[in-house]
Amino acid sequence: MMAVNLKGRDLICTQDWSVEELEATLELGAKMKKERYSEEHAAILRHKTFMLMFYNSSLRTRQSFEAAATELGGHAQFLETKNLRLKSKTQSGEVMKDTAGVMSRYGVGIGIRILEDSVEKYGDGDKFLRDFADVATVPIISMAHDMFHPCQGLADVMGMRESIGDTRGKTLLQIWGYSPMVRSWSSVQESIVINSRLGMNVRMAYPEGFEIDPDVIETTKANCAAAGTTFEVTHDQDAAYDGVDVVYSRHWMHPKRYELGREGEQELSAKHKDWRATTERMARTHDAAFIHPMPIDRGNEADDAVCDAERSIIYDVAENRLHAQKAIMALTMG
Amino acid sequence: MMAVNLKGRDLICTQDWSVEELEATLELGAKMKKERYSEEHAAILRHKTFMLMFYNSSLRTRQSFEAAATELGGHAQFLETKNLRLKSKTQSGEVMKDTAGVMSRYGVGIGIRILEDSVEKYGDGDKFLRDFADVATVPIISMAHDMFHPCQGLADVMGMRESIGDTRGKTLLQIWGYSPMVRSWSSVQESIVINSRLGMNVRMAYPEGFEIDPDVIETTKANCAAAGTTFEVTHDQDAAYDGVDVVYSRHWMHPKRYELGREGEQELSAKHKDWRATTERMARTHDAAFIHPMPIDRGNEADDAVCDAERSIIYDVAENRLHAQKAIMALTMG
Amino acid sequence: MMAVNLKGRDLICTQDWSVEELEATLELGAKMKKERYSEEHAAILRHKTFMLMFYNSSLRTRQSFEAAATELGGHAQFLETKNLRLKSKTQSGEVMKDTAGVMSRYGVGIGIRILEDSVEKYGDGDKFLRDFADVATVPIISMAHDMFHPCQGLADVMGMRESIGDTRGKTLLQIWGYSPMVRSWSSVQESIVINSRLGMNVRMAYPEGFEIDPDVIETTKANCAAAGTTFEVTHDQDAAYDGVDVVYSRHWMHPKRYELGREGEQELSAKHKDWRATTERMARTHDAAFIHPMPIDRGNEADDAVCDAERSIIYDVAENRLHAQKAIMALTMG
């Protein structure tokens, strides 16, 4: 194993960690996948508590984090944040410092999920995590927030490497897919940031107007420049598939989602129902693997035939969430 | 121990398993009851996850399944199905195949509870479980559904055998008891199916009109024929008690419950408030054991004196849920 | 360790236990704090289940109890009492005896939290716990109820001893602090009862009218008399701080809270917004430790400077909840 020391570190975006730290995490995740349920790994968090704070519900994230804690010998507490009354301008309550301070005495780490619907404006979720991390004395792990989803990003990389081997120099197509589900930027932004960082060419394709955070684009471009790879944007859905090695088709919300509300966003998205991964489009690729962070909106984001194809690794990536999270918890809290 | 191989099998109704398989489960359940908290049993699901999906809440079922997983060394995740958005004709969401496929990667088994109130019509709960089992790659266990309740059935048999010894050739009175609680057919149908299968005479007694599923009656009759025992139906509450070895007095809903709604059903049931297990009626039996799957509606389904009598085994049967479920989990997932 | 036998005992108020029993619990709690995560302690509830029944939610109490069970090798089930339908005058349901009887078969102990808002009148929560304890066959532990909060009381004592050493003969100021949060009497009443019992002088200070339960005052006076210490009441907020060794500033509700409702209570409390622990007031003390059961309403019950001062032990006391509860569970259920 590579020698890195991540003890006590937070994970809010993979960009916060060095490439060496990310590679060590990926290596440990792969090892843990191979040696699932080993007693050695079950000693890592033995009898220790990991706290799960869900400002937005997620069955999958909860399942994978709770199983991760169990497999490391510990226990994840699934906490209802509606019972957590933080002080605000308009109501009495507890200051974040006290909440975080006491949780840090009970548990060895805290996972927080806080998406668009739980914050007033884009970026507030990221700020919440970073503020919480400042006052907590144990690692804070993003379980997806409005900007990033580091655990998903690491699981994606694990899955790609299992499927296409070394990803360096290969091309990821990050493509918008239609869905009425008004999806967060978190997984998509995490994907382009981590994969550019680890040496892939990144091609983004989306209907005009569906731009994501320009700062994240800048980070991605800088990552590509540092790695000597390319970053492209196209609005030509079909040509976008040409020669790519991985297709990641997923809906992401319009940048005006906060002003528009959910229904307004759905109307805008519905103008692009033709944006969908199909077998025909997949045929233009370099025998690309198909990934998606799930749940996938079949028939919209991608056709059944694509989801169920041999080159689809959607279940493997979902499973990798577990292994990646075990590795993260082991390295930061073990 | 008997040599059966149940590894990977679902349990939706005990009728799906062979008599030998049921007997092996009962034997292991009894052994686990004797050796509670042994380290040997705690190795069976060590650090593994069992998923609990409750479409209908149940404090007891949750308690017994969660404790079962803990005692086997694993952990049961109590999942809120309101967060599980399955695709339907009218809403976007995840297809069952994907939900089940990913859960199968995280856990070693899935328990599902889905009763009348969560489905459109009788039988849909059973279909849901069987469809889910088709697409999951780990065992699916019914934690009670609109048709059957196999864990309750096995716990009942354990309790009867502890109380009256060998049940073969003895007579079970499955009798309707008044309650406004609009109760499922699941426990009752499971009871007559499993007990006929394992060699008991079955006598059903209920107010006219309160028929249950005719297919289940046919199965029960066939079970009795195969075992050389008798199946009777009576509407004479008092005579029903004559000479029976076990009394199982419980409300079950009218077959028109779906058309009538809960209040309509309650009105129909309320015409038969005299249907109740009393000390006088119990005196007509062959010193019968009294069972009920609980929670029992005292004063309606049975008098306090019956519930608290020495021959009442209601708490023992409730406890046996834990042991039966541990045995089921051990054999199918261990 | 002191030789006491608490196996099977309930803990509803510390006054129910002997001083020797309380001292043994405190001693074990301090030992468990020093030896956190030791395998020896993790064997105490190995694979056993502790049931948590929250009639009133509490993130902190849940976190500390769930972590306590985990650290003892067991598992705490977080149960939703809304799913627990107890029989009442107006609705069908299960009698308490049956609920408690079956839970006693699944778990080795039951924690119950039931505060003002869940009962019709003061005292009903205490009665509920005592009735439940009568019919359960495993220990019942109060996780805070309308009258007392024994786990908090023990955690307070642990924290004080860590901070000021031997508390005997020293003086506790139990002082009312303004907050709109309409707080229970439980922590406050527990505090004066246990600290008088264990040899402290008790000084209470509050705005006129904010009397607490006169029976609890009588118990406290009797404890002080037995210990040879003093019990005082004052309505002079400033003089109250003179020479005390521990300051415990917390809001408690007006005795007419049930008649007034929450808003009426808030109006009454709001007349005393000046009741607040400040640095100036703390300067009048004998370099007192500052404690609070948290969550603390900063700026109301106490100023930030007091909460964050070196003499503040609020996080230590919060952490001690965990250790005290582990000791209680170990001694009563181990």
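Buried area is the accessible area that two parts lose on being put together, summed over both. The exercises below apply this to a predicted model.

**Exercise 1.** State how much area is buried between chain A and chain C, and which residues of chain A supply the most.

*Solution.* Step 1: about 2700 Å² is buried between the two chains, and carbon and sulfur atoms give 50% of this area. Step 2: on the side of chain A, the three residues that supply more than any other three are A:His47, A:Arg105 and A:Tyr106, with 31% of the area that chain A buries against chain C.

**Exercise 2.** Describe the contacts between chain A and chain C.

*Solution.* Step 1: count the residues; 28 of chain A are in contact with 33 of chain C. Step 2: look for charged pairs. The interface has 6 salt bridges. A:Asp98 forms a salt bridge with C:Arg298, since a side-chain nitrogen and a carboxyl oxygen must lie within 4 Å and the closest N and O atoms here are 2.8 Å apart. Step 3: find the elements of chain A that give two or more residues to this side; they are strand E1 (49–54), strand E2 (75–80) and helix H4 (96–106). H4(A) gives the largest share, 8 residues. Step 4: sort by class, which yields 10 nonpolar, 9 polar and 9 charged residues on the side of chain A.

**Exercise 3.** Work out how chain A and chain B are related.

*Solution.* Step 1: a turn of 120° with a shift of 0.0 Å along the axis lays chain B on chain A, with an RMSD of 0.0 Å. Step 2: the two copies are therefore related as by a three-fold rotation axis. Step 3: the C-alpha of chain B nearest the axis belongs to B:His75, 5.0 Å from it.

Note on methods. Residues are numbered from 1 along each chain as its sequence is written. Chains are lettered from A and ligands numbered from 1 in the order in which they are written. This is a predicted model: local features need pLDDT of at least 70, side-chain atom pairs count only at pLDDT 80 or more; totals for chains, interfaces and linings use all residues. Side-chain values use heavy atoms; hydrogens and water are left out. Copies are superposed by least squares on the C-alpha atoms of residues with pLDDT of at least 70 in both. Contact means heavy atoms within 4.5 Å. Buried area is the accessible area (1.4 Å probe) that two parts lose on being put together, summed over both. Helices (H or I, at least four residues) and strands (E, at least two) are DSSP runs, numbered from the N terminus. Ala, Val, Leu, Ile, Met, Phe, Trp, Tyr, Cys and Pro count as nonpolar, Asp, Glu, Lys and Arg as charged, and the others, Gly among them, as polar.
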